[in-house]
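Please open the model in your viewer and keep the selection panel at hand. The stops below go from a ligand to individual residues.

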Amino acid sequence: MRILADQNMPLVESFFCEIGEVTRFDGRNLQPDELKNVDILLTRSVTKVNKILLARADKLKFVGTATIGIDHIDTSLLASANISFSSAPGCNAIAVAEYVISALLAYAQETSTPLQGKTIAIIGVGNIGACLASKLKGLGLTILLCDPVRQQAGTLDSHVALDEALARADIVTFHVPLVKQGPHKTVHLLDASRIAALKPGTVIINASRGDVIDNQALLHAIEGGQTLELILDVWENEPNILQPLLQYTRFASVHIAGHTLEGKARGTQMLYEAVCREFDLPASKTISDFLPKPSVTGCQLQSTANEQDIVNLAHLVYDIRRDDGIMRKQLNTLGFDTLRKAYPVRREFSTIAVNNDSPISEKLYQLGFSEHKS
Ligand SMILES: NC(=O)C1=CN([C@@H]2O[C@H](COP(=O)(O)OP(=O)(O)OC[C@H]3O[C@@H](n4cnc5c(N)ncnc54)[C@H](O)[C@@H]3O)[C@@H](O)[C@H]2O)C=CC1
Ligand SMILES: O=C(O)C(=O)[C@H](O)COP(=O)(O)O
């Protein structure tokens with residue numbers, strides 16, 4: 001079989017070498033002709049899979065995206081053309097939740113604002129929102145959950161309506177899919193009037209899709225004197241973002257919240273499993289066969305360990321300020337997509353095991369660190 005895979009998808013050759021011949025493509029510049037004679041197309045979020053792209057696809061049987069978001073795929077077109085489709089739900093949920101934790105801890109440190117006692121609204125309580133809520137439990141925040149879709153389905157007891165959540169929150173973090181129409185539309189969910197209604201100094205985090213926040217309205221509000229703390233990983237119109245907004249952000253990054261090594265590799269594994277199901281092949285490989293051992297794997301905590309050590313350990317694994325620095329210094333020389341492609345290796349909290357008898361061990365486990373097995 002002929003397999004066409006995005007150049008930014010790790011481990012494709014390792015997973016798929018027995019299934020077919022793998023050719024790589026540049027995600028934003030895939031051309032219809034490249035799909036001639038291709039059986040399997042594996043994308044990431046930057047490739048728009050639509051009528052134009054598939055015009056010359058004469059043999060295509062399977063399309064997979066190694067991402068959570070599927071707003072770049074015309075799924076009805078695939079269904080009508082009898083082409084199977086799979087995404088990778090939850091593959092990088094841990095990575096995005098850890099991005100938010102890193103951001104909150106760095107914000108608290110830089111502004112001398114304790115997180116304890118603050119109220120955070122999580123908008124969208126799916127894989128990422130729920131994972132984040134669970135990790136946040138040890139940090140002493142009041143958590144408001146807003147997900148009208150789950151409320152209507154009866155799978156979320158404690159739903160708080162969006163406008164009430166925004167009015168009560170000190171911190172608002174978005175984890176919704178991009179929905180362009182319908183009763184639960186998320187395009188410009190945070191629009192000019194909702195921005196205007198936020199409490200002074202509200203921290204806004206967006207690691208979902210750029211279009212969920214009206215970026216121009218945000219810029220306008222800040223230039224008009226509204227005080228807001230912005231932590232933005234995703235932007236409207238990537239890669240050509242609204243650059244004047246960058247100077248007003250506390251932390252900015254190039255859509256990498258989900259880019260841990262584990263998160264990206266899980267996405268590839270999930271598509272490998274989907275392809276095996278589709279073509280009735282055995283699926284025997286997992287990411288643990290291929291991931292390199294992290295350079296730090298454990299930490300021995302003493303009985304004097306305290307809250308500051310939680311911050312130090314979280315930032316030892318991942319400090320959002322690394323990515324903020326990269327974006328600020330190199331966006332204009334290298335560009336958004338090159339920075340994403342050259343993203344330095346990032347691992348998840350679980351790669352570090354800590355002993356279970358320190359005053360902070362339980363809180364670290366809550367955040368996702370592993371328990372040291374003696
Ligand atoms: N920045 C990054 O690197 C990444 C961004 N993402 C984005 O995050 C999004 C969420 O990911 P998951 O949690 O895994 O997806 P999910 O599908 O598990 O959860 C999304 C939740 O949002 C809820 N929702 C839908 N419309 C809503 C609305 N109008 N208001 C409030 N809640 C609403 C849904 O009911 C669902 O529970 C993805 O669709 C993707 O666009 C995902 C991974 C990485
Ligand atoms: O999973 C998603 O949805 C994401 O946004 C990815 O983590 C980032 O997308 P890529 O552009 O790296 O595919």
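Begin with the shell around ligand 2, which by class has two nonpolar, seven polar and one charged residues, and bear in mind throughout that this is a predicted model. To display this shell, select N8, R44, S45, V46, T67, I68, G69, N92, H255 and G258, the residues around ligand 2.

Next, keep S45 and T67 highlighted, since UniProt, in an unreviewed entry, places the feature "binding site" at these positions. Although they span 23 residues in sequence, no two of their C-alpha atoms are more than 6.4 Å apart, so they gather at one spot.

Centre the view on S45, which you will find in the loop between β3 (40–43) and β4 (62–65). Is S45 buried or exposed? With 22 other C-beta atoms within 10 Å, S45 is buried, because a residue counts as buried once 20 or more such atoms lie within that distance. If you leave aside its neighbours within four places in sequence, the residues to select as contacts of S45 are T65, T67, G69 and H72.

Then move on to T67, which is found in the loop between β4 and α2 (75–80). T67 is buried as well, with 25 other C-beta atoms within 10 Å. Which residues does T67 touch, not counting those up to four places away in sequence? Select R44, S45, S87, A88 and G267 to see them.

As a last view, show S45 and T67 together with ligand 2: both residues belong to the set around ligand 2, and S45 is in contact with T67.

Note on methods: Residues numbered from 1 in each chain as written. Chains lettered and ligands numbered in written order. Predicted model: local features only at pLDDT ≥ 70, side-chain atom pairs only at ≥ 80, totals over all residues. Near = placed C-beta within 6 Å. Nonpolar A, V, L, I, M, F, W, Y, C, P; charged D, E, K, R; others polar. UniProt positions renumbered as here; feature names shortened; annotations may be inferred. Helix = DSSP H or I, 4+ residues; strand = E, 2+ residues; numbered from the N terminus. Buried ≥ 20, exposed ≤ 12 C-beta atoms within 10 Å, placed from the backbone. Contact = placed C-beta atoms within 7 Å.
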